[in-house]
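Let's work through a few exercises on a protein model together. Keep the sequence and the 3D view open, and try each task before reading its solution.

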Amino acid sequence: LALHAPCHQNENMAGYRSVSLVFSAILAFSVAQTDQSLPNYDVTAHGDRCLYSLLAEKPEGGCRETYSPQKQLMVMQEHINNMDEAIDKSEERHTEAHTANRNKLLEEEKASLTAENEIKEIEIHTEGLEKSNDNLNERLQEQTAKMRQLQNQISTLSTAISRLLDEQMETDSDPAGTTGPPPTSAGPQEPTGTSRPTPTFRDCSELKKEKPDEESGVKTMALPDGQEYTAYCDFTSPNGPWTVIQRRQKADDNKQVDFFKTWEEYKTGFGDPSGEYWIGNHALHHLTGNTDYELRVELHATGNDQAHAHYDMFKVSGEESNYQLKLGRYTGTAGDALYVHRDQPFSTRDRDHDTLASGSCARAYRGGWWYAKCFDANLNGEYSEDAEANLSSVSWVPWRGYQAVPRVEMKIRPKQAEASDSLP
């Protein structure tokens, strides 16, 4: 529409120009018919007659102009000239407007072409980015596949290393080449050739009940399935007797018991009941599986700095449930560090039952325990120079954080009919 508007305006100007030419032609014709000998006098009125007069000024008395052919022709010529001038100015304005509109349209077209070029450049750039993205995705998939291969290789190597370590440890612990499960304890042995009476007590409480004068120490007893086991009986601590199921104490490196053991070792038990030891998961299950027991954990630092945790129910399920831990209500001064370990199965370096999506708590924190993700208590951890830095120390987090606890005892007793809510 903007392009066609000047065309219509030009047509109008041509029409006006044609009209002007017609009037000019009429004027020329009229001039030709007019008597050129007549002077161009003003016509004035004298009385009741109007005469031609050569007076430069109209006389007073009411002379009035009437008709003068030449003067009318001059007036018409002036009107025609004015019309031509107006047409010329209009054409000039229309030409300027047309030129401005044309320039504006050209600028708009130029801007449109520029935008189209920019869009094309963006499209080309986008195509390049898409190709680059496709290439990156392909490389990422290749790297992911390589990472998976590496993970599989690492897993295979870890398994092989674990087997080698186990074989090495078995070789170190059995230099004579004999095989068989480790003993449940390193307690006193009977001389060769002597007989020992078959024990009839299942725990330290029964033993003390039958032998009131018995003193605290390492005792041999029998589980309900008839298997003998050795444990330390504590007859002096309050609210006893207690059967000690675990003891840790920091000692010289050559005397420190290694608790980074296998599943079978934790099952049968290891260590010396007069020092550091684990009674064994098999014994824990057969003691607590069908009888209600209580658990007391005693933590000793330096001097009089000590704390305890008491649980009014303690039960360990069978091996088919991976020795799952069951606990009752907590009371004490150490904090309920075993809360996160409730209902957790037991884990060792070669049997991982923790709730981590990947990795092994037992391997990472150097122990065997009812790990979750991973622990608030790690009483079967290690005593070493870098244990605290590695968070693998013997620790009870609510009490002393990840600092190593120098001495720990876990002990159990049959549940009392009227047990105190806060044992000392």
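Of the 424 residues of this protein, 34% count as buried. The model is a predicted one, and it has seven helices and 14 strands.

**Exercise 1. Find out how strand E9 (residues 306–316) is held in place among its partner strands, and whether it is enclosed or open.**

Step 1. Start with the partner that comes before E9 in the chain. Strand E8 (residues 293–300) runs antiparallel to E9, and seven bridges join the two. One pair to look for is Arg296, which stands opposite His310 in E9.

Step 2. Now look at the turn. The hairpin of E8 and E9 has five residues between the strands, and there Gly303 takes a positive phi near 65°.

Step 3. Move on to the partners that follow. E9 is joined to strand E10 (residues 325–327) by three bridges, again antiparallel; here Phe314 stands opposite Leu327. Strand E11 (residues 330–332) also pairs with E9 in the antiparallel sense, over three bridges, and Gly332 in E11 is the bridge partner of Ala309.

Step 4. Finish with burial. Eight of the eleven residues of E9 are buried, so the strand is largely enclosed by the rest of the structure.

**Exercise 2. Work out where Glu85 and Lys89 sit relative to each other in helix H2 (residues 69–173), and how their side chains meet.**

Step 1. Recall a rule about helices. An α-helix has 3.6 residues a turn, so residues three or four places apart point the same way.

Step 2. Apply it to the pair. Glu85 and Lys89 are four residues apart in H2, and about one helical turn separates them.

Step 3. Check the contact. Their side chains meet in a salt bridge, 3.5 Å from N to O. The cut-off for a salt bridge is 4 Å, so this pair passes.

Step 4. Ask how covered the two residues are. Glu85 has a relative accessible area of 41% and is partly exposed. Lys89, at 43%, also counts as partly exposed.

**Exercise 3. Examine the salt bridges of Arg296 and Asp312, and say which parts of the chain the Asp312 pair ties together.**

Step 1. Begin with Arg296, which you met in Exercise 1 opposite His310. Arg296 forms a salt bridge with Glu298, the closest N and O atoms being 2.9 Å apart. Both of these residues are buried.

Step 2. Widen the view. Arg296 and Glu298 belong to a network of salt bridges that also links Asp234, Arg247, Arg407, Glu409 and Lys411.

Step 3. Turn to Asp312, whose side chain meets that of Arg329 in a salt bridge of 3.9 Å, N to O. Asp312 lies in strand E9 and Arg329 in the loop between E10 and E11, so the pair ties together parts that are 17 residues apart in sequence.

Step 4. Compare the cover of the two. Asp312 has 19% relative accessibility, and since the cut-off for buried is under 20%, Asp312 counts as buried. Arg329 is partly exposed at 46%.

Step 5. Put these pairs in context: the protein has 16 salt bridges.

**Exercise 4. Locate the disulfides and describe what each one links.**

Step 1. How many are there? The structure holds two disulfides. With the bonded cysteines numbered in sequence order, the pairing is 1-2, 3-4.

Step 2. Take Cys204 and Cys233, whose sulfur atoms are 1.9 Å apart. The link is left-handed, with -80° about the S-S bond. Cys204 lies in helix H3 (residues 204–210) and Cys233 in strand E4 (residues 228–234), so the disulfide ties together parts that are 29 residues apart in sequence. Cys204 is buried, with a relative accessible area of 0%, and Cys233 is buried with 0% as well.

Step 3. Take Cys361 and Cys374, which form a disulfide with sulfur atoms 1.9 Å apart. The torsion about its S-S bond is about -80°, so this disulfide is left-handed. It links Cys361 in helix H6 (residues 361–364) with Cys374 in the loop between H6 and strand E12 (377–378), 13 residues away. Both cysteines are buried.

Methods
Residues numbered from 1 in each chain as written. Predicted model: local features only at pLDDT ≥ 70, side-chain atom pairs only at ≥ 80, totals over all residues. Heavy atoms only, no water. Buried < 20%, exposed > 50% of the residue type's maximum accessible area, 1.4 Å probe, protein only. Pairing = 2+ DSSP bridges. Disulfide = S-S within 2.5 Å.
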